[in-house]
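Here are a few exercises to work through with the model open beside you. Try each one yourself before you read the solution.

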Amino acid sequence: MPPPGFTATTGPTLPVLVPEAFARWDPGQQRGYLTQRTIYAAEGRTLAYAYDCVRSATDGFAAEGDLHRDPWEAAATMIGASMALSRHGASRLVTTAVELTERLPRTAALLATGWIGILAAHTIAEETALVADHFMPDVDRRISEGLAPTRRRTHPPRLGPLRKMLLKTISACDPLGADARAEQSRRGQDVELVPIRDDRAIITATLTAEDALEIADRVEALARTAPVGDPRTLGQLRAAGLLALSRGWSCLPDPRGEHPGDPEARSAARRVVLHAYDDGSPLNRGISLAGYGPISGHTADELQREVSHRVHELSELSDPDTAAARRHAPSEALAHFCRGRDGTCVFPGCQTPAEKSDLDHIIPFDHDLPERGGHTTCDDLGSLCRFHHRLKTDGVWAYYRDTDGSYVWIHGPHHPDRDPATRVTTYPTGPLSDHAAPRRPEASRRQQEAAEAGATGSGCAESRRRPHLRHRRDAERHTLRAQARLRRHAPPPGPVEPSAPSTTGPGDEPPF
């Protein structure tokens with residue numbers, strides 16, 4: 001029996017490719033092979049669905065004469081709401097769908113028949129993104145021939161060999177595009193924090209090869225300065241070396257994290273403010289660190305030693321009759337509560353942390369007459385990432401908070417496939433989600449009436465001041481190819497005399 005709230009239906013049957021030798025395999029091998037091909041074919045259906053969303057949004061906006069709202073962004077929200085994909089995942093699916101459908105039709109056919117999967121499709125779309133349009137038919141032919149099933153090729157290639165084949169193909173057909181892609185890859189540098197269990201986190205850094213080697217060598221050199229008899233493992237010493245670099249120390253911190261020669265150095269170096277949410281559980285078992293998540297009682301006790309407490313009543317944060325509720329910018333206490341309640345952006349599927357999201361007035365704030373509505377209270381604010389905030393303001397989507405604290409999303413007046421009956425519900429996931437129910441239920445009623453009347457979006461599209469995503473990608477392709485062409489045809493730098501004065505300015509490349 002289906003669980004409560006669900007019903008059973010029949011899924012589509014998907015034709016897939018199998019080799020001639022398939023009939024001579026044992027039943028277990030046949031079943032596993034068919035399962036893999038069916039999964040890949042289903043992923044091909046998701047790509048077709050994504051392209052249908054793009055066409056629907058494009059046609060819908062064109063029918064209204066709307067040249068300002070971005071159909072790719074609207075399609076990404078349609079996909080995110082239906083498939084519970086993150087903003088990045090939905091946008092990536094849209095881009096791959098357009099690239100394969102419009103520029104790589106032969107390769108797209110391999111995905112539709114279940115030969116390659118969605119990860120391979122993403123890789124192909126990203127690696128060929130900077131190839132000029134007039135080279136694409138030849139590139140598509142070579143890629144499809146290099147991937148197509150044969151008597152000997154009964155399984156698709158892994159991602160590693162696939163990337164090597166793509167680099168070789170693109171370099172042969174469009175060397176300039178290969179150079180532009182290499183330059184684009186060097187721009188994709190970032191540092192991310194990934195929470196894991198036991199009050200630990202992983203910091204990942206995507207850097208250029210030379211920068212990564214420099215940091216690794218510095219950390220290794222600091223780890224070697226540990227005195228004889230230090231109880232820490234080599235991994236712990238490397239982690240301590242990275243911490244020393246962040247604090248500007250030239251020596252390793254001791255096992256407690258303190259400077260070995262200056263007990264005041266830690267407090268002087270640590271200028272980072274750590275925000276924590278306490279849901280009221282006893283014995284510090286309900287403490288969550290903003291940007292990380294729940295922490296154990298042991299870590300909470302460590303943080304409590306040098307912490308200042310601020311306690312705020314929810315009745316004050318939800319009162320629409322205060323002076324703070326008449327101001328557009330929320331107070332620090334209100335912002336911390338709303339983000340601690342929501343956890344992430346509250347659009348369906350979006351995983352952008354609330355700490356990196358905007359606090360949106362569900363009913364737009366009235367700057368001329370603040371008392372008329374759009375109050376700045378915890379009952380009237382929701383966490384939205386900038387991407388979904390812009391589309392809510394554009395009137396593509398609308399939402400309101402229900403009396404149980406959930407968020408109900410409906411089609412806005414400018415949604416390309418507007419259906420007034422659509423309801424998609426999301427729930428707060430933050431450490432304070434147990435306190436999500438509005439303190440004043442009449443706020444939910446006002447928000448629902450405004451959302452259903454199409455009054456929660458100003459209709460003054462923020463995107464009108466920025467090009468559409470398709471145009472931005474075309475402009476980036478043109479710019480990166482032009483830069484690669486200049487580098488390719490630039491004369492080699494001449495020898496520099498040792499005594500010559502340096503002319504390198506602050507914005508120039510370093511002289512090496």
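**Exercise 1: a salt bridge within one helix**

Arg55 has a relative accessible area of 46%, so Arg55 counts as partly exposed. Keep in mind that this is a predicted model.

Task: find the acidic side chain that meets Arg55 in a salt bridge, and work out how the two are placed in their helix.

Solution. Start with the partner: the side chain of Arg55 pairs with that of Asp52, at 2.8 Å from N to O. That fits the salt-bridge rule, which asks for a side-chain nitrogen of Lys or Arg within 4 Å of a carboxyl oxygen of Asp or Glu. Next, the placement: both sit in helix H1 (residues 27–63), and because they are three residues apart, about one helical turn separates them. Last, the partner's surroundings: Asp52 is partly exposed too, at 39% relative accessibility.

**Exercise 2: salt bridges between elements**

Task: say which elements are tied together by the salt bridge of Asp179 and Arg488, and then do the job again for Arg386 and Asp358.

Solution. Take Asp179 and Arg488 to begin with: their closest N and O atoms are 2.5 Å apart. Asp179 belongs to helix H8 (residues 175–187) and Arg488 to helix H17 (residues 469–489), so this pair links parts that lie 309 residues apart in sequence. As for exposure, Asp179 is partly exposed at 31%, and Arg488 is partly exposed at 43%.

Now go to Arg386 and Asp358, whose side chains form a salt bridge at 2.5 Å, N to O. Here helix H15 (residues 386–393) supplies Arg386 and strand E6 supplies Asp358, so the parts being tied are 28 residues apart in sequence. The two ends have unlike surroundings: Arg386 is exposed at 56%, whereas Asp358 is buried at 17%.

To finish, look for shared partners. Glu99, Arg103, Asp133, Arg473, Asp474 and Arg477 are joined into one network by salt bridges that share partners. The total count of salt bridges is 32.

**Exercise 3: a helix pair**

Task: describe how helix H6 (residues 136–147) packs on helix H7 (residues 159–173).

Solution. First get the geometry: the axes are 10 Å apart and the angle is about 150°. Angles over 145 degrees count as roughly antiparallel, so that is the label for H6 and H7. The residues in contact are Asp138, Val139, Arg142, Ile143, Gly146 and Leu147 from H6, with Leu162, Met165, Leu166, Thr169, Ala172 and Cys173 from H7. Then add the hand: H6 and H7 cross in a right-handed way.

**Exercise 4: two loop residues**

Task: for Thr376 and Ala132, decide whether each is buried or exposed, and list what each one touches.

Solution. Begin with Thr376, which is in the loop between strand E6 (358–361) and strand E7 (381–384). Its relative accessibility is 3%, so Thr376 is buried. Beyond four places in sequence, Thr376 touches a set of residues including Ala324, Arg327, His328, Pro330, Phe365 and Leu381. His361 is also in that set, and its side chain makes a polar contact with the side chain of Thr376 at 2.9 Å.

Turn to Ala132, in the loop between helix H5 (118–127) and H6. Ala132 is buried as well, with a relative accessible area of 8%. Leaving out neighbours within four places, Ala132 is in contact with Arg103, Asp174 and Arg481. One more distance to check: the C-alpha atoms of Ala132 and Leu176 are 9.0 Å apart, with their positions 44 residues apart along the chain.

Terms used. Residues numbered from 1 in each chain as written. Predicted model: local features only at pLDDT ≥ 70, side-chain atom pairs only at ≥ 80, totals over all residues. Heavy atoms only, no water. Helix = DSSP H or I, 4+ residues; strand = E, 2+ residues; numbered from the N terminus. Buried < 20%, exposed > 50% of the residue type's maximum accessible area, 1.4 Å probe, protein only. Polar contact = N/O pair within 3.5 Å; in protein donor to acceptor, adjacent residues only side chain to side chain. Contact = heavy atoms within 4.5 Å. Axes fitted to C-alpha atoms, helices over the stretch in contact; angles between N-to-C directions. Parallel < 35°, antiparallel > 145°, perpendicular 65-115°, else oblique. Left-handed = near helix turned anticlockwise from the far one by under 90°.
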